[in-house]
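Let's take a walk through a protein model together, from the overall fold down to single residues. Keep the viewer open and turn the model as you read.

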Amino acid sequence: MSDGGPEESGGAVGLPSRRRRPTPMSQWDPTARLSYWAFHANRRPAYMRFAYLQLGADEAAEEAVDAAFDSIMAEWLRMLHMDRLDAYAWTVLKRCLVERRHRRHPWQPHRPEPVDISAFEAALKEAHADRYEALTDAIRFYSAVSRLAERQRDAVLLRYGLQCSPGEAAAVMGVDEATLRSYLGQAHRRLARLLDTSVDAAGPAESAES
């Protein structure tokens, strides 16, 4: 992201104010500037890690996150009056991830979001001596996670893929911790049903194992 003012940035996401020229950061009051850079420093690491999980490449992840922060900068003065600033910022990031993914795969406009499951694979390998069995479990889990609702999938990736605490994951998504735990509970129930189905389809030997 450039160090210039938000006049170089993109507009807001699908809002009436997106046509209005943003106020240059040089004209912000010091408190607003400090609050933006504090938000940037606090959220960028998690945004980068999440973007990498979605895009699978450092350069693509950095481009998407930079675009998100450019848009957030352009809307920051308005965002300061929002009740759910973090939630709005999260939607901006998700929009930029979709756009970056579409640029990489323009011939697949409805391509499902990819999920890097290296963290899950590592956990599974620790739990199983049989590497083939671990790989089978990882593929099954990947398939199940990809079928979760978007908010449930985000919660699972932040909590387990990125090893965020419930509080950290909730803050990144811009929801309260109770809501985050609700998403996780819904995801757990959905995953249990999906994994039970896939295990049953694989045969009685694996069903007994679960």
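The paragraphs below go from the whole chain to its core, its aromatic rings and a few individual positions.

Please keep in mind that this is a predicted model. The mean pLDDT of the protein chain is 76, and 66% of its residues reach 70 or more. Two stretches call for some care as you look around. Over residues 122–132 the pLDDT stays under 50, and the model has nine contacts beyond four places in sequence for this stretch. The pLDDT is also below 50 over residues 199–210, a stretch with eight contacts beyond near neighbours in sequence.

Now for the fold. The protein chain has nine helices and zero strands, so the pattern read along the sequence is α-α-α-α-α-α-α-α-α. Of the 210 residues in the protein chain, 43% are buried. The protein chain exposes about 11400 Å², and carbon and sulfur atoms supply 52% of that area. Among contacts between residues at least 6 apart in sequence, 65% join residues at least 24 apart.

What lies inside? The largest nonpolar core has 50 residues, and those with the most contacts inside it are Y47, I72 and L158. At least two residues of this core come from each of α1 (30–55), α2 (58–79), α3 (85–104), α5 (131–145), α6 (150–161), α7 (166–173) and α8 (177–202). The largest share, 10 residues, is supplied by α2.

L158 is a good place to zoom in. Leaving out residues up to four places away in sequence, L158 touches F50, W90, Q163, C164, A169, V172 and M173. L158 belongs to α6, where the buried residues are Q152, R153, D154, A155, V156, L157, L158 and G161. E150 is also found in helix α6. Is E150 buried or partly exposed? E150 counts as partly exposed because its relative accessibility is 41%, which falls between the 20% and 50% cut-offs. The C-alpha atoms of E150 and Y183 are separated by 9.8 Å, with these positions 33 residues apart along the chain counted as their spacing.

Just past this helix comes a backbone detail. α6 is followed by Q163, whose phi is positive, near 60°. Most residues other than glycine have a negative phi, and Q163 is a residue other than glycine with a positive value. Q163 sits in the loop between α6 and α7. With a relative accessible area of 59%, Q163 is over the 50% cut-off and therefore exposed.

Next, look at the aromatic rings. A pair of aromatic rings is described by the distance of the centres and the angle of the planes. The count comes to eight aromatic pairs in this model. One of them joins W28 and Y36, edge-to-face, at 6.1 Å centre to centre and with 80° between the planes. W28 and Y36 are both buried. Y36 also pairs with W76: the ring centres are 5.5 Å apart and the planes are at 80°, an angle over 60, so this pair is edge-to-face. The pair of Y36 and W76 links distant parts of the chain, since Y36 is in helix α1 and W76 is in helix α2, 40 residues apart. How buried are these two partners? Y36 has a relative accessible area of 0% and is therefore buried, and W76 counts as buried at 2% relative accessibility. Stepping back, ring pairs link W28, Y36, W37, F39, Y47, F50, F69, W76 and W90 into a cluster. Y47 in this cluster is also among the residues with the most contacts inside the largest nonpolar core, while F50 and W90 are among the residues that L158 touches.

Helix α2 offers another position to visit, A67. At 31% relative accessibility, A67 lies between 20% and 50% and so counts as partly exposed. A67 and R100 are 33 residues apart in sequence, and their C-alpha atoms are 9.3 Å apart in space.

Finally, a word on the cysteines. A disulfide is a covalent bond between the sulfur atoms of two cysteines. How many disulfides does the structure hold? The structure holds zero disulfides. C96 counts as buried because its relative accessibility, 4%, is under 20%. C164 is buried too, at 5% relative accessibility, and C164 is one of the residues that L158 touches.

Technical notes
Residues numbered from 1 in each chain as written. Predicted model: local features only at pLDDT ≥ 70, side-chain atom pairs only at ≥ 80, totals over all residues. Heavy atoms only, no water. Disulfide = S-S within 2.5 Å. Buried < 20%, exposed > 50% of the residue type's maximum accessible area, 1.4 Å probe, protein only. Helix = DSSP H or I, 4+ residues; strand = E, 2+ residues; numbered from the N terminus. Contact = heavy atoms within 4.5 Å. Areas by Shrake-Rupley, 256 points an atom, 1.4 Å probe, with all protein chains shown as cover. Core = buried A, V, L, I, M, F, W, Y, C linked by side-chain atoms within 4.5 Å. Phe/Tyr/Trp six-rings, centres within 6.5 Å; stacked < 30°, edge-to-face > 60°. pLDDT = per-residue confidence, 0-100.
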